[in-house]
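This report describes selected packing features of one protein model. The sequence and structure are shown first, and the description follows.

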Amino acid sequence: MLSSLIAIGIFAGAYGAIVGAGGGFIFVPALLIFYQFSPAVAAGTGLLIVFINSLSGVFGLIKQKRIYYYVGIILTIGAIPGTFFGSWLAEIIPAASFYKIFAILLILLSGFLFYKNSNIFQKNKGEDSELEKAFLLEEGIWNKQNIGFLGIGYLLGTVSNFFGIGGGWLMVPILVYGFKIKPHIATATSLFTLCIYSFVGATSQILNGNIDWEAGIWGGLGVMVGAQLGVLVSSKLSGKVIIQMLSLLLLLIGARLLFMG
């Protein structure tokens, strides 16, 4: 069991670091399918894995100077209260119904990314991010962009704590297609944000007793190694390939959620 947890952790950590998604999307299904964990414990342990993975990966991204800190901090401010709302939702909403509705949305988003990613990267290749230009011109705290990021952060924090799989898989396409941030910057910013608000979510899961520490420790060792591999690999991939990998990830998550419960 220990060796398999480490192996799953390495794979989850590497893939998560590449697409800016944290790794919980792989680790949680593995706990449910191969180890028969309860959904609550799988989600709680998965959120701990997301925190470890994102924290490990973000150090390499800091060295590469790929993080948009301003955006990441605003997203985090919105995400933190969302994590508590996600925990509350998990207690009152039947998980099976929520999973099926959300799964359909993820599959549709996956199809959208497959369709759109080639055109947008050809169009924007070599250009500066429109978001960065706009930020240089906007003044004040309560501008439309900041309010939008707060709302997105709240949504991501809610989804992250409800499912235990982080929210980077949703954050990255929003940053790329909604705000025209380049994929390499979007994935790095996503991982930076995840390492902060997943800590809050994981802490709440610890207090609720929803962590399997054996799986969390050994899987955590694996994702720490995998995250470093993912950071190295992601710097050599084109933005188009990263988005294609993310669209595949969304399809897999959607399929997994569709058949849960």
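## Helix packing and core

Helix α3 crosses α10 in a right-handed sense. In this predicted model, the two axes approach within 8 Å and cross at roughly 25 degrees. Because angles under 35 degrees count as roughly parallel, α3 and α10 are therefore roughly parallel to each other. On the α3 side, the contact involves residues including Thr45, Leu48, Ile49, Ile52 and Asn53, as well as Gly57 and Gly60. Among the α10 residues that take part are Trp213, Gly216, Gly219, Gly220, Val223 and Val231.

Serine 234 also belongs to helix α10, which comprises residues 213–234. Is serine 234 buried or exposed? Its relative accessibility is 0%, so serine 234 counts as buried. Leaving aside residues up to four places away in sequence, serine 234 touches Ile18, Arg66, His184 and Ile242. The last of these contacts, Ile242, is one of the buried residues of α11.

Helix α11 has 20 residues, and its span from first to last C-alpha is close to the expected value. Its buried residues include Gly239, Ile243, Ser247, Leu249, Ile253 and Arg256.

The largest nonpolar core contains 71 residues, and Leu249 and Ile253 are among those with the most contacts inside it, together with Val19, Leu31, Phe149, Trp169 and Leu175. Isoleucine 253 touches Trp169, and also Phe25, Leu106 and Ile165, when residues up to four places away in sequence are not counted.

The contacts of the two residues are set out below.

| Residue | Residues touched, beyond four places in sequence |
|---|---|
| Serine 234 | Ile18, Arg66, His184, Ile242 |
| Isoleucine 253 | Phe25, Leu106, Ile165, Trp169 |

Technical notes:
Residues are numbered from 1 along each chain as its sequence is written. This is a predicted model: local features need pLDDT of at least 70, side-chain atom pairs count only at pLDDT 80 or more; totals for chains, interfaces and linings use all residues. Side-chain values use heavy atoms; hydrogens and water are left out. A nonpolar core is a set of buried Ala, Val, Leu, Ile, Met, Phe, Trp, Tyr and Cys residues joined through side-chain atoms within 4.5 Å. Buried means under 20% relative accessible area, exposed over 50%, partly exposed in between (1.4 Å probe, protein chains only). Contact means heavy atoms within 4.5 Å. Helices (H or I, at least four residues) and strands (E, at least two) are DSSP runs, numbered from the N terminus. The expected span of a helix is 1.5 Å times one less than its number of residues. Axes are lines fitted to C-alpha atoms, for helices over the stretch in contact, and angles run from 0 to 180 degrees between N-to-C directions. Angles under 35 degrees count as roughly parallel, over 145 as roughly antiparallel, 65 to 115 as roughly perpendicular and the rest as oblique. A crossing is left-handed if the near helix is turned anticlockwise from the far one by less than a right angle, and right-handed if clockwise.
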